[in-house]
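Below are some comments on the model, arranged as numbered points that move from the sheet to the helices and then to the pockets.

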Amino acid sequence: MTEALTSLIESEAWKALEAHAATARTLHLRDLFAQDPTRGERLRVEAAGIYFDYSKNRITDETILLLLKLAEQSGLRSRIEAMFNGDKINVTEKRAVLHVALRAPKEEAILVDGTDVVPLVHAVLDKMAGFSNRVRSGEWKGYTGKPIRNVINIGIGGSDLGPVMAYEALRHYSQRDLNFRFVSNVDGTDFAEATRDLDAEETLFIISSKTFTTLETMTNAHSARVWALETLKHSAAIARHFVAVSTNAEEVEKFGIDTANMFEFWDWVGGRYSMDSAIGLSTMLAIGPENFHAMLAGFHEMDVHFRTAPFEHNLPVLLGLLAIYNNNFLGAQTVAVLPYEQYLKRFPAYLQQLTMESNGKHVTLDGVKVDYQTGPIYWGEPGTNGQHSFYQLIHQGTRLIPCDFIAFGQALNPIGRHHDILLANVFAQAEALAFGKTTQEVEADGTPSWLAPHRTFEGNRPSNTILLEKLTPAALGKLVALYEHSVFTQGVIWKIDSFDQWGVELGKVLAQRIIPELESKPDSKPGHDSSTNALIKHYRSFRKDAAK
């Protein structure tokens with residue numbers, strides 16, 4: 001690896017931004033808008049059906065120029081091309097990173113080790129569509145001849161967060177005589193509550209695990225098998241009530257699933273980037289193949305924009321650069337994602353994995369410890385609920401929390417004045433964060449001087465507003481791809497690998513060691529630190545009492 005990989009903070013662009021930020025961070029958005037009446041019209045981008053207003057960030061034109069220079073000096077353009085060309089940019093796992101191939105049109109060609117993977121992708125999509133149509137129409141019957149009415153997706157991480165987010169986001173377009181549930185947690189309550197009121201004769205399980213060995217997923221899968229056979233009795237029934245999203249045909253067949261009903265994906269698809277692969281089978285079952293393909297088209301439109309648009313007009317690049325500026329130069333440690341759309345209630349949770357599993361890294365691509373902050377914490381809830389919860393801290397707390405407001409111009413369920421009130425809150429919150437209310441303004445409203453400090457809003461708190469026309473399948477694809485590529489942009493500049501996730505491994509390895517210790521005889525001695533040993537012994541006493 002080159003020296004450039006380990007010297008980000010010594011780079012010319014980084015040092016220029018540090019010097020600039022020392023002055024710019026003292027500027028107030030009230031003054032910036034007063035000095036430039038056209039600021040709100042200039043600092044925005046419209047592309048791919050998205051209106052992106054970034055004028056309420058604590059930036060000047062010089063800030064943007066310096067951030068663009070940082071992107072150029074980091075080799076972002078060449079890294080984008082490397083990803084789209086199928087180069088093995090996931091260096092620690094020596095894999096290509098080609099979620100963009102999952103939504104490429106049939107006529108495109110994308111090579112991995114000399115093989116065009118686009119036909120493979122579309123073969124799986126066609127297989128998914130055929131299966132989905134049979135289930136949705138009632139043609140696919142369970143073992144006793146009843147049509148499927150319940151679909152339960154069993155997965156974890158990207159095999160759960162993507163499908164459950166997409167289902168909730170696109171529920172408006174779902175087939176309402178089908179009931180969809182999602183099981184991920186190894187806590188038995190998750191499975192028990194998902195199946196409590198269901199009829200096994202009408203229930204289909206989708207087991208989503210690339211290796212078909214993931215502990216949590218396969219524990220739930222085997223519980224599902226036991227649950228189904230309590231009613232269906234015959235092991236032959238498994239083939240009519242279980243399908244797999246996996247690459248391990250041997251384990252799938254051993255479980256009892258017909259490998260003809262195994263839907264493949266590939267090692268160049270990371271789990272958190274897989275919702276538009278076969279992992280999205282539950283999504284296609286819910287909304288139908290036509291809507292699923294519309295979602296893929298939305299993804300692809302953003303992919304093309306990211307690959308071809310100049311950086312100064314590039315939505316994911318700007319979103320990523322602003323996140324870096326707030327994180328590394330203004331000291332913000334979190335980002336609040338605030339969708340003003342009830343259907344997007346799981347979108348912040350989805351972004352938590354996408355952003356923090358991707359960029360929660362402490363070493364550079366060449367394994368050297370970073371000497372700057374990498375991935376911030378992403379979190380959020382839908383508006384207007386959050387306004388009556390944590391907005392107090394965002395407006396008047398001591399921490400700087402940049403916000404992404406996401407909203408839609410048209411309601412999917414128009415009822416009276418609801419949507420106007422909803423959107424008024426979006427615009428009002430961004431305005432209040434930016435401009436606040438001074439003590440003098442508060443007192444001019446008649447507030448007593450002793451109370452005025454409590455009702456003062458400092459303002460100068462950064463936000464982006466992302467506005468689309470309507471939450472359609474295509475719009476969801478664009479939104480997800482926007483954040484995917486923003487994450488990539490940030491990772492390139494930080495010189496980290498955004499596509500591995502070694503940080504999830506250690507705890508899982510230790511858990512495998514602890515499981516038999518929990519289940520062993522109460523007098524056997526566990527082999528850990530004194531705290532863990534004491535916890536294991538105490539748990540054994542609970543377990544012993546429960547067995548009485």
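1. Two strands are taken to pair if DSSP finds at least two bridges between them. With that in mind, and remembering that this is a predicted model, one may begin with strand E10 (residues 334–339), which runs parallel to E11 and is joined to E11 by 3 bridges. Among the residues involved, Thr-334 has Ile-377 in E11 as its bridge partner.

2. The wider setting of that pair is an open sheet of 6 strands with mixed pairing, in the order E1-E2-E13-E12-E10-E11. Its edges are strand E1 (44–47) and strand E11 (377–379), each of which pairs on one side only. Neighbouring strands of this sheet are turned against each other by 15° on average, if direction is ignored.

3. Helices H14 and H15 both deserve attention in relation to the sheet. H14 packs on the sheet and touches E1, strand E2 (50–53), E11, strand E12 (403–408) and strand E13 (463–468), while the direction of H14 makes about 25° with that of E2. H15, for its part, lies across E10, E11 and E12, and runs at about 165° to E11.

4. H14 also meets another helix. The axes of helix H13 (residues 289–308) and helix H14 (residues 315–329) come within 7 Å and cross at roughly 70°, so H13 is roughly perpendicular to H14. In this contact, Met-302, His-305 and Phe-306 of H13 meet Leu-315, Pro-316 and Val-317 of H14; by class, the contact has 5 nonpolar residues, 1 polar residue and no charged residues.

5. Turning to the pockets, the largest pocket holds about 1,000 Å³ of space. Its lining is made up of 40 residues, and those nearest its centre are Thr-214, Gln-501, Val-504, Glu-505 and Lys-508. The elements that each give two or more residues to this lining are helix H7 (158–169), helix H9 (215–232), helix H15 (347–359) and helix H20 (505–519), with H20 providing the largest share, 6 residues. Sorted by class, the lining of the largest pocket has 13 nonpolar, 18 polar and 9 charged residues.

6. The second largest pocket has a volume of about 430 Å³. Of the 16 residues that line the second largest pocket, Glu-341, Gln-342, Asn-413, His-418 and Leu-422 are the closest to its centre. The lining of the second largest pocket divides into 7 nonpolar residues, 8 polar residues and 1 charged residue.

Definitions and conventions. Residues are numbered from 1 along each chain as its sequence is written. This is a predicted model: local features need pLDDT of at least 70, side-chain atom pairs count only at pLDDT 80 or more; totals for chains, interfaces and linings use all residues. Side-chain values use heavy atoms; hydrogens and water are left out. On a 1 Å grid over the protein atoms alone, a cavity is a set of points where a 1.4 Å probe fits but cannot get out, and a pocket is an open set with protein on both sides within 12 Å along at least five of seven lines; lining residues have an atom within 4 Å of a point. Grid points are joined across faces, edges and corners, and a volume is the space filled by probe spheres set on the points. Helices (H or I, at least four residues) and strands (E, at least two) are DSSP runs, numbered from the N terminus. Ala, Val, Leu, Ile, Met, Phe, Trp, Tyr, Cys and Pro count as nonpolar, Asp, Glu, Lys and Arg as charged, and the others, Gly among them, as polar. Axes are lines fitted to C-alpha atoms, for helices over the stretch in contact, and angles run from 0 to 180 degrees between N-to-C directions. Angles under 35 degrees count as roughly parallel, over 145 as roughly antiparallel, 65 to 115 as roughly perpendicular and the rest as oblique. Contact means heavy atoms within 4.5 Å.
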